[in-house]
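Here is a short report on the fold and the charged pairs of one protein chain. The sequence and model come first.

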Amino acid sequence: KNKKLIECIFCNSQKIEKSIMSPSISLKEKGSKKIKENSAKEIRKNLLKIKKFVEKNFEYVGDKFTQEMRSIYYGNKKKKRNIYGTTTEKERKDLREEGIELTTIPWIENKEN
């Protein structure tokens, strides 16, 4: 620019300014598929680790999860313990409204399809 070597191709002006632009990043099709596959495999691997940990360290209470959670939270049972089980979306919402914190984990099969 200082040497006056840059010129606009439309108006022939040498008053060129640099504008801020976001970079255009594109992945090759093969590369992006591979990245997606690796990401999916990594996510699956991590979910299986979480599942294994929960099964080993938590008590399964099945569809009685909501009742058991309330019992533990309100102190109806002397022993506090880690539990896991199933609930409906409405039950999860009700528990949260009561101030009972819980986490939902995608429960995936151990074997790949």
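Of the 113 residues in the protein chain, 19% count as buried. The model is predicted. Its accessible surface is about 10400 Å², and carbon and sulfur atoms hold 54% of that.

The protein chain has three helices and two strands. Read from the N terminus, the order is α-β-α-β-α. Among contacts in the protein chain with a separation of 6 or more, 53% join residues 24 or more positions apart.

Now the charged pairs. Side chains of opposite charge can pair when their charged atoms come close. The count here is five salt bridges. The table gives three pairs, including their closest N and O distances.

| Salt bridge | N to O distance |
|---|---|
| Glu68 and Arg81 | 2.4 Å |
| Glu98 and Arg70 | 2.7 Å |
| Arg92 and Glu89 | 2.7 Å |

Take Glu68 and Arg81, which form a salt bridge. Glu68 sits in helix α2 (residues 65-73), while Arg81 lies in the loop between α2 and β2 (83-85), 13 residues apart. Glu68 is buried, at 16% relative accessible area.

Next, Glu98 pairs with Arg70. Glu98 is in the segment after α3 (89-97) and Arg70 is in helix α2, so this salt bridge ties together parts 28 residues apart in sequence. Both ends are partly exposed: Glu98 at 28% relative accessibility, Arg70 at 27%.

The third pair, Arg92 and Glu89, stays within helix α3, where three residues, or about one helical turn, separate the two. Arg92 counts as buried, at 16% relative accessibility.

Which residues do shared partners join into one network? They are Glu59, Glu68 and Arg81, linked through salt bridges.

Key
Residues numbered from 1 in each chain as written. Predicted model: local features only at pLDDT ≥ 70, side-chain atom pairs only at ≥ 80, totals over all residues. Heavy atoms only, no water. Helix = DSSP H or I, 4+ residues; strand = E, 2+ residues; numbered from the N terminus. Buried < 20%, exposed > 50% of the residue type's maximum accessible area, 1.4 Å probe, protein only. Contact = heavy atoms within 4.5 Å. Areas by Shrake-Rupley, 256 points an atom, 1.4 Å probe, with all protein chains shown as cover. Salt bridge = Lys/Arg side-chain N within 4 Å of Asp/Glu carboxyl O.
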